[in-house]
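Trainee: Got a minute to go through this one with me? I'd like to start with the charged pairs and then work inwards.

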Amino acid sequence: ATQNLATMFVNGMVLTTSDRIEEGDHIKTGNGLTGRVQKIGWFQTTIRHYNEVEEIIPNSELGMQRVSNLSRMKKCQVKQELRVKYEDIDKLETFLPSILEEVKAACPKVITNGSRPLRAYLTDFKEDHVRIMV
């Protein structure tokens, strides 16, 4: 028990003195936990999930996982699934550029200058439509 307490304390010191994560950061851990860091203590860290549930994690557990700090990302990727009826597939060639224009208008900080590709690919065939990931 004292060894676990010491491990939690040491990991707490590392978390509070390093710039790996800070209170207010959005993180994702190796085991899939995602949320905002509410409080980093000496023994435990509190994460608020996106559904507003708070979870208290021992620092010994958090310190042994890979942690992605989503707050420090410079760029991200957005995917959207579209459903297109078979009779409208021939309209895709004109439809996709209009999606890019809509993204430019709605999200001016999105990279739409051609330095990052806008991709569209078929993901599934259903009875009355195809699914396309954009």
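Trainee: How many salt bridges turn up in a search of the whole structure?
Mentor: Seven. Keep in mind that this is a predicted model.

Trainee: OK. Which residue does R48 pair with?
Mentor: R48 bridges to E54, and their closest N and O atoms are 2.6 Å apart.

Trainee: Is that pair buried or exposed?
Mentor: In between. R48 has a relative accessible area of 26%, so it counts as partly exposed. E54 is partly exposed as well, at 43%.

Trainee: What about R131, which side chain does that one meet?
Mentor: The side chain of E81, in a salt bridge with an N to O distance of 4.0 Å. R131 is in strand β8 and E81 is in strand β6 (residues 81–85), so this pair ties together parts that are 50 residues apart in sequence. E81 is partly exposed, because its relative accessibility is 33%.

Trainee: And K126, what's its partner?
Mentor: D124, with the closest N and O atoms 3.2 Å apart. K126 comes out as partly exposed at 33% relative accessibility, and D124 as partly exposed at 25%. There's also a network of salt bridges that links E22, D25 and R72.

Trainee: Switching topic: which residues make up the largest nonpolar core?
Mentor: Ten of them: L15, I21, I27, L33, V37, I40, I47, I57, L62 and V67. Another core lies apart from that one, with six residues, among them V84, L92, I99 and I132.

Trainee: Let's take V37. Where is it, and what does it touch?
Mentor: V37 is in strand β2. Beyond its neighbours within four places in sequence, V37 contacts I21, E22, E23, G24, D25, I27, T45, T46 and I47. So I21, I27 and I47 are on that contact list and in the core with V37 too.

Trainee: Why does V37 count as buried?
Mentor: Because its relative accessible area is 1%, and the cut-off for buried is under 20%.

Trainee: And V67, what does that one contact?
Mentor: Outside its neighbours within four places in sequence, V67 is in contact with R20, I21, I27, K28, T29 and L62.

Trainee: Now the surface. Which residues form the nonpolar patch there?
Mentor: L5, F9, V10, M13, V14, W42 and F43, with about 620 Å² of accessible area together. W42 is in the loop between β2 (34–40) and β3 (44–48), and it counts as partly exposed at 46% relative accessibility.

Trainee: What reaches the backbone oxygen of W42?
Mentor: The side chain of N59, at 3.2 Å. N59 is in helix α2 (residues 59–62), and it counts as buried at 0% relative accessibility.

Trainee: What else does N59 contact?
Mentor: Leaving out neighbours within four places in sequence, N59 has contacts with M8, N11, G12, L15, G41, W42, F43, Q44 and T45. W42 and F43 on that list are also members of the surface patch.

Trainee: Last one. Where's D128, and what does its side chain do?
Mentor: D128 is in the loop between β7 (121–125) and β8 (129–133). Its side chain makes a polar contact with the side chain of H129, at 2.7 Å. Apart from neighbours within four places in sequence, D128 is in contact with K85 and Y86. The C-alpha atoms of D128 and V84 are separated by 8.6 Å, with their positions 44 residues apart along the chain.

Conventions. Residues numbered from 1 in each chain as written. Predicted model: local features only at pLDDT ≥ 70, side-chain atom pairs only at ≥ 80, totals over all residues. Heavy atoms only, no water. Patch = residues over 30% accessible without salt bridge, like charges linked within 9 Å, V, L, I, M, F, W, Y side chains within 5 Å. Areas by Shrake-Rupley, 256 points an atom, 1.4 Å probe, with all protein chains shown as cover. Helix = DSSP H or I, 4+ residues; strand = E, 2+ residues; numbered from the N terminus. Buried < 20%, exposed > 50% of the residue type's maximum accessible area, 1.4 Å probe, protein only. Contact = heavy atoms within 4.5 Å. Polar contact = N/O pair within 3.5 Å; in protein donor to acceptor, adjacent residues only side chain to side chain. Core = buried A, V, L, I, M, F, W, Y, C linked by side-chain atoms within 4.5 Å.
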